[in-house]
Structure formats: C-alpha cells, structure tokens
Amino acid sequence: MKETRTIPRKTTPKKAGPAASLPTRFADWFASRGWQPRQHQLELLEKARGGESALLIAPTGAGKTLAGFLPSLVDLQTPRNRSGLHTLYISPLKALAVDVARNLETPVADMNLPVRIETRTGDTSASKRMRQRRNPPDILLTTPEQLALLLATADAEYLFSTLRRVVLDELHSIVTSKRGDLLALGLARLRQIAPAMTSVGLSATVRDPDELRRYLVAQTPGSAALSALVTTPAGAAADIQMLDTRERLPWSGHGGAHAMAEIYGAIKAARMSLVFVNTRAQAEAVFQQLWTINEDNLSIALHHGSLDAGQRRRVEEAMVQGRLKAVVCTSTLDLGIDWGDVDLVINVGAPKGASRIAQRIGRANHRLDEPSRALLVPSNRFEVLECRAAIDAAKAGEQDTPPRRTGSLDVLCQHILGVACAAPFDADALYGEVISAEPYSDLPRKDFDDAVDFVATGGYALKSYDRFAKIKQAKDGLWRVANQKVAQSYRMNVGTIVESDMLKVRLVRGRKQAAPEQVRQPSPVYGNLWYPAKLQGGASKTTYTGPLTRGGRVLGQIEEYFLETLSPGDTFLFGGEILSLQGIVENEALVARANSDAPKVPSYAGGKFPLSTWLAQRVRKLLSNPQAWSGLPGQVAEWLELQQHFSMLPPAGDLLLETFPRGNRFFLVAYPFEGRLAHQTLGMLLTRRMERLGLKPMGFVANDYAIAVWSLGDVGGRLASGKLSADDLFGEDMLGDDLEEWLQESALMKRTFRNCAVVAGLIERRYPGKEKSGRQVTISTDLVYDVLRRHQPDHILLRGARDDALTGLLDLSRLADMLTRVKGRIIHKPLHRISPLAVPIMLEIGREPVYGEAQEHVLAEAAEDLVREAMGE
Amino acid sequence: MSMAVGVQERDPDGSGVTIAGVRLHVDLAGAFVHLAERMLIVADLHLEKGSAFAARRQLLPPYDTAATLARLAALIVRHTPRVVVALGDSFHDMRAGERITDADREALTALQSGREWIWIAGNHDPAPPAGIGGETCDSLAVGPLTLRHEPLPGAAPGEIAGHLHPAARVFSPSGSVRRRCFVSDGSRCVMPAFGAYAGGLNIRDVAFAPLFTQRRPTAHVLGMRRVYSIGHHACAPD
C-alpha cells in the first residue's frame, strides 16, 4: 500500500509498555508492521476510555488521524447490541474525508474488524444517502454541511442516538469561519441526541489551544468547560530560506516574475515541490511563466479552487504517484492529505501570517524527525521584510491564528430552521442547547428570540407576514415548520459559503490557426490541462484538438464579474491555457483556445489574506532597527538606508506620515502596517474627513503596509503650520459619525449584508425547480439593504452584517486598535518629493476601485467623452 | 452641428432630456417632469413586490411600498404636479390589493387627492387593485409624446415607456459604477424603474436592441447632483 499520513513512517521508541493498554489484536497489528504506537495515540485512547473529550495538537506526519480513530476501532472490535452509527468524522474538505476513509480501510482489513466505513459528501448518490439514513455505517466520514443536512431530517434522532464519538479534523481551520459556527451548533445538537458521545479535535499548532478545547465540550453559563489536551513533542525545526535574488527586486507587484528562473532552478534541484501563491490569478501567472522557461519539460502542474474538480483530482493523484515535479497551487493545498513525497515548499509572495506559513511549510516532508525545507520568494521589497519577519516568527515558534469568533446570527437563523425541519422544538430548550455551543455561549436571550422571530416571519417591526410564516408556534408551545416546501427549500440552501456568482467555463471550439513556433506553453490535450502532450508519450501538439461543438468540456468556474469586464474575443488565462471569450449564454461562459501574447489574467476575488497583526508587529520592529538589517538582501538594506537619509524610518510604536507635492496634487502617505482591509477602511474615512476640512481629496490607494491619499488641498502645509493636528486627522472619532455615514453607502457593507441574507435564508439562491439560477438572483440584496436600513436599522440581519464587518471585509476592530495605539504618537515628515519608502504604494495608484465621490468623477469623465464626440473633437 | 430630429441635443446643465422635440426635466430621483403640462411621470413602481415574495415565503422587508410612496410624495412636494402618470407595473401583481397595508393605501389616496392620476396598464397590473383611485388607460398621448408601458419594437417617435428598468455600467481606469438611467436616442425614451425593489437591466442587454435600430442611444445616468449623458459605446455590458 502507499504510505499515507495516518501511518508513522518510523518508529518512535517509547518507554512504558504500550501493549499493556492496547488490545492484543491492535498490539499485534502494530508489531506486524514494525511499528509501535505513539504516546499521543495511547493517551487519546485512555481519554476515550474515561469518557473524556480531547483535543490533539500535533504537526502533520504524527499519525494524527489514526490517533483520532484508534479509540473507535478498539471499541468496535467487540460486537454491539444494536448496530448503528458509532463514529462521525467531519472534515472541512470532502476530498480529505474520502482519502481518510480509504486509509482507514487498511487497519480494518488487516485486523479483520467488523467495521463498515462510508463517506457522505455532495457527490454521494441520492439513493446511497437515503440508505445511509436508514441503515447507517459504523463510521461515517462527512463535512459540516452534510451534518447540518442530516440533522435537519426526521431521521436525525434515530440516526444519531447510537453515536459514541465525533472526530473533527483540521479543527483549527474550521473554527475560524461561519462553517465553524454551523458545526458548533450541530455538535450541540448531537450532544442532546447522544449524551454519551465524546468528541475529539485534531489540530495543527495554534496560538490558544483553550479556545479549541472549549469548542469540543458543552459550555455552561458562568464557567468555561475545557476538554482534555494531548500534545506531541515538536518535530525538527524547519529549514526556511529566503531567496536572495540575483535580479533587481521589484518595487511593487506580487507576481515574482523577476525570480522565475531561480524558482525554476529550485524546482529542478528538488524531488517534488509545492509552489504556493496567494491568489488564483497569481497561480495562473506563475504557472504560465514557469512553462515559458521550462527547457527541460519538467512536469509542472496547476491546482486552484476554480479548476474543475475532476481536474484537481487528477493532479492530486499524479502527485501521490510521484509523477509530478512541481505543483503551482493556492491555499487549496494548505490542508489535507499527504500529497506524495514533497521535499520542498516554495512560497511566492508575502507569507501574510506566521501560522499560515508554518502550515504551508509543513506540507513538505511529513517525517517528524527531519526538517521541512522551504524557500520564501518575496515579490517586492516590502515582502522581503515580511518574509524575514515570518522566518523569525517560525524560529520562535510563534502562532497567529485568529482569535475566537462570536457565533454569527445568520448561521443561528439557518440552524433554527434546520432544527424545526427535523422535529417541533421548544424555544427554551433550544436556547439552552445553543448557548452550550462555545461560539454562542454569550448569546443573549433577546438575540435568540429575534432569530426565532426572523425565521418565523422575517423579524420585522411591521407585523404583516403572519400568514406567510415559515415556522409557527402551536398550542402546545412547540415551533413547527409551516409545510414541507419550507423544509425542502432549507435543504437546498444549507451551508455558509456564499460564493460570488460563478459561471462555468466551457470550451466550445479551438480556434483554427497555423501553429507557429510559439512561446512554449503547457499544451492541453484531452483530459490533461496540466500535462504537456509530449510528456504523455504523444507527439508535441501546439494546436487545438479539433473543432468542438457546443457542449464541450467544462474547464472550471470563474467569477461572473470578471467575465463582465471582457468583451467577446478578449483573451484571458485560465487553467494554464489562453482562452478567448466567445460569449456568455445563461450561466456558462463559452470559450475557445487562442494564441495571444497578452492575455488578461483572471482577477479572481479569492485568497487575499491581510497581513496578520503579529507579523505586522515584527515588520515594524525590523524596519525601525538598522542592526537587524544585516539579515536582509543588500538591495533592501540600501533602500532602507536611503529612506533614513531622505526621510526617516517609522519607530516601531509610532505612525509615520509623509507629505509631499507631486504633479498638481498633494500626497499624504501613512505606514500603519495593519493590512489591506483595515487600510482601505481607513482610506474611506480619512478622505471623508479631508473632504469636510476642505482639502479636496481626489482618491486613495491602500496595500498591506501603507496608504496614500492625494488631494488638491495642501494637507502637508496645514499639518506643518499647525492649523491641523495629525492626532485630529487620525482621531478615533472617525469611527463614529463618519463611519455611520459611510457604511450607508459602502459596497463592502452591502456585500457583507448579502452574505448574511443568503446564509440566514432571507434570500434563497436555490429553490425547487430553479436549481441553476445563479445569474438570475431573484432580487438585488442591495435594494433590500437600502430599504431595511432606513426602516428598521436594528434588524437582526443588519446587526449580523455589522458584526461580520467588524472582523471581515472592513476589519474595523483592527483599525480601531491601531487608532488607539498611535494616539499622540504620530510623526509628520513634510518632504519636497516622494520618499523611497513611499514608492511601492505610489506605484499601486490606478489599480484599485473607486468609491464615494470619486464615482461621480468617473461618470463625469465618461460624459465628457460624449461631449468631445458630439463636438467633433 | 445640425439640429435635425434624432441628433441628440447636448444638455449643458444636466437637468433634462429632449424627446421628439419636447424638453423634459429630469428629477434625480428617476422621474420626468413635463413642465408645460405640470405632469409628473414615473415608471415601474412595483408596489407590494416585497409581500409578493413573502407569499412565496421569502420574507423580504415589508417596507418597500412605504419607501416607494415616500419618494413619490417627495417628488410631488417638489413639483406640485397637476397630473401624475405611472407608466405601468405600478403594482407588482394582481393580488397586491389584498396585501397592501391600510396605512400604505391611505398614503396613496392622500397623494392622489387634488390632482389627476393616471395608471397606464402594465404586464404585471392590467388594472389597479379594487378600491384604488385614478384612471386607467393603455397609453396616453401628450402632444407629440406617447406614454405607454412596454416599448414597441421598431421605430416609435415620441414614445416614453418603462418596463425594461434600464441601468448603465460605466468603467474608467480607476473603477466602475452602475446606476439607473434614462435611455434615449432623442426620438424615444425608456425610463428607469422607480420602485424600491425594482432592479435594473443593463442597457447593453439584447432587450434594448429592437428599440434603437437607427441610432445608438445615450444613457442619461442619475448622478448625485446632475444627470450624466453617456454614450452607448462608453457603457459596458453586465
């Protein structure tokens, strides 16, 4: 059999007779493979025997999954009174569930255990799902959404009453999102149905393990209950290098194009590499560039979330079989299975967070006692600082996983309807159950009642929908679902992931062209997008495979709004191919293969993580301390010295403001290092404030490190003359009225509201008979938002959207912390011209969308065009 | 520059549009005012759209009718029209009358008092609900202008219609904007929808093609302080 992560590759000698606590059958099995059970595997077994829930924190390669299942297998070796579901395994990725199921078959078969293992995902057939509800397996492997669906059926009580154990894999990853809220509520439900059940969480290293320990057990008001904790000794420290490029380091951009030859060299020298990038667009670009210089025809593949699932599976399989030299990928490969024998991880661009980079580096070499090897490739100068900070953080073993979240109200609404779909519920009892779930342990009763009211009749002050109620309270006091249509519609809309509207990308025909000796690119033939023809043993083919009629292959999915920016005939990169848009028909983008020198790259929305607070702190410290620059590439140290000479370096705790004139504008550049999202919000609020001060701001641009605002008024002059104080300009009070006013119109707020409205079930994206209505969203949530905000500003969904905005797209909490931190510590540096440190942010001007008043300028310019045309200019 | 019919007149102060020689004032709320007739024209109010969704158990906020009527009331205060014309689809469906609240019904009645009120029949509402005042007709001639709900395919000089809910999307190097708009080639015009829950259809949609076969139309986009007239070529598809 192939090696998998469930199996330790080398025995770790342990004292204490392990065989003593392990049943003979199992001890023999371990021995037959030449292994010994690991300490944490035995500890988990012991906790399970004592009826304790537990959190296992261990790095990849420690036999975590086997540890999680061992107690179940031991339990199941003896026949039970009544067959039924014994263990439920939940994974954030359905591919992971499938893979774990496969790996689990080995010990079960070897030991001849009477255990039936099945998976249940969105791909499972309807008949099998039906059968699973009536005749469940002993062990079921599934996802949070499938659990919610199962809990919302009338069979839930029967199905889960026999449950003894729940295994939550990659728990650190699930709990940071709304999926974690949904799962927490599901877990609370399971504890009611099967009180004897215990849970075990499997996690990578996190900043605060207690958060996860609380998540695993029922909380009671006033005291925090904790699960047991099992940890493993840390493995060998990772060997992380930063690429010291021979090329000139770019000032801005994220592509890493300058270093492509060096990346290629590293790939060539390694056995198998994972090349991580931060966005799907970068993945496409890096993949394309690597192929352009792929003199040796190395088998380099591409893997990201927009590609067709079948295509991704083929890449994964080829990795496991060792047929690939490298895979360019996004966070889709952050988690999960041991994808073959990876010995080098290359991270192109900014690491963004210490834990994130540690997780990625852990993808290389799943052997505990050997160091993982990683190469960080900064794509611009600021990213050099970030990479340096990340390497230092990794050495210090620092973690920066996000803090615990408060359960979302929209997810609660969805859950309440789900509960009603299964059986009538009593509001008092359900409230008690909900607050036993860790994310909801502080939920006020009023919020819960509002959520019930929302589910029933929309939660409006104007009570005009009683006759349209989705759930109704009967005379016995129990809430019941109004009719089966409501239940059906719930089942079609379950889940917390609201994707942007996506269109399928379908290949309709190749464009006939004489095939010139063109730029080398991965020539996609038949089923293999990622694999050049010549490597498949066929002749090299640079032309298309022949005319395809409509109804050709689906290559994947792409955000609708990106395609909206294209006209038919425009070209773009997708799945490593250059495609030309033929047209959009219903929910499909029809494309043809094309040759083009300058394809547009899809500007995928996904995958833009902001710089973490922890890493930002390190970057600020590094910047302010010239002694630490010896560890930086020469070009970067030189750049910082020039900054010191022409302006100054921001002291670690202070905020540096630079002002300078340029063209006929006045620029203000600030360096808070608080991440793109918080900076964008700051930009909106700052320009509003400057507008009121008569400084006539014209626009702003923000990146992870800095923000630049330009105006017609001389902001630097006013600051220098003392007419305006920097503390006032960056006063915390901008989070008051300015914020309120801006939120009313903010597109980001509207997007946040849309997500809440969909998750809570206000807007149904799918309803019976209209499954693929992606493009024809029934009503614009922007309009609903406007109306609701005016007429019932305290509506539960507006509160929910606001809570989300605090940590989500607007990152308000981080902005607020920053404003407090720098109060009285703002240094204004008036300059005659742009400073070296300001160059990167200034280069980003013109790449960002516009907001507020600037929208009027866009319209006015377009109107001017018409005037010029009309006047024959 | 000739002033022959069909050549579009520039609108220097961004406050009006000329259709078939008749100059109409544009209110930035999305309405026409025919000053000479003291006539206010609005299209596609879609009253009770929220409750229509609620009847199918999508419980949208039930405030859309009140919101639309409040905006309409503000228009009436601003322009004190002698006659108000609603260009069809004023009510979202035939059963809107069963769902409208008493308060909203009274608010509408108050708006109607002291002026003439004409409901042009729409595809959603061939007739207004029982008990709602005002006259009903299929179309209305006002000098060279013809007011109707659904625009006729082919040339229709002087036609002012609704039904299509036009919206324009404009790109610039620094970003994009999507707004409701009037769309006109100088000879005919499609008005933006006025209702709070009435969405917009991009003017590059094929539905607009049969209306403007002779000349490319202009989008008169509703800005914050003025109307921006933007050429069809400068508007992007959705």
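This report describes chains A and B of a predicted model, with most detail on a parallel sheet and one helix of chain A.

## Composition of the two chains

Chain A contains 32 helices and 25 strands. Of its 873 residues, 50% are buried. Among the contacts in chain A with a separation of 6 or more, 76% are between residues 24 or more positions apart.

Chain B contains 4 helices and 17 strands. Its radius of gyration is 17 Å, close to the 18 Å that the globule rule gives for 238 residues, so chain B is as compact as a globular protein of that length. Along the principal axes, the C-alpha atoms of chain B fill a box of roughly 55 × 40 × 35 Å. Buried residues account for 49% of the 238 residues in chain B. Of the chain B contacts between residues at least 6 apart in sequence, 68% join residues at least 24 apart.

## The parallel sheet of chain A

Chain A has an open sheet of 7 strands with parallel pairing, in the order β3-β4-β2-β5-β6-β1-β7. Its edge strands are β3 (117-120) and β7 (228-231) of chain A, each of which pairs on one side only. On average, and with direction ignored, neighbouring strands of this sheet are turned by 20 degrees against each other.

One pairing within the sheet can be followed at residue level. Strand β1 (residues 54-57) of chain A runs parallel to strand β6 (residues 198-203) of chain A, and 4 bridges join the two. Leu55(A) is placed opposite Gly201(A) of β6(A). Strands of a sheet pair through backbone hydrogen bonds.

Helix α2 (residues 39-49) of chain A lies across β1, β6 and β7 of chain A. The angle between α2(A) and β7(A) is about 165 degrees.

## Helix α4 of chain A

Helix α4 of chain A covers residues 94-110, 17 residues in total. From its first C-alpha to its last it reaches 25 Å, close to the 24 Å expected at 1.5 Å a residue. Just after α4(A), Asn112(A) takes a positive phi of about 55 degrees.

The buried residues in α4(A) include Lys94(A), Ala97(A), Val100(A), Ala101(A), Leu104(A) and Pro107(A). Asp99(A) and Asn103(A) are also buried. An α-helix has 3.6 residues a turn, so residues three or four places apart point the same way.

The buried residues of α4(A) pack against both helices and strands of chain A. The helices are α1 (24-32) and α3 (64-76), and the strands are β2 (87-90), β3 and β4 (139-142). These three strands also belong to the open sheet of chain A.

Key: Residues numbered from 1 in each chain as written. Chains lettered and ligands numbered in written order. Predicted model: local features only at pLDDT ≥ 70, side-chain atom pairs only at ≥ 80, totals over all residues. Rg over C-alpha atoms; globule rule 2.2 N^0.38 Å. Buried ≥ 20, exposed ≤ 12 C-beta atoms within 10 Å, placed from the backbone. Contact = placed C-beta atoms within 7 Å. Pairing = 2+ DSSP bridges. Axes fitted to C-alpha atoms, helices over the stretch in contact; angles between N-to-C directions. Expected span 1.5 Å × (residues − 1).
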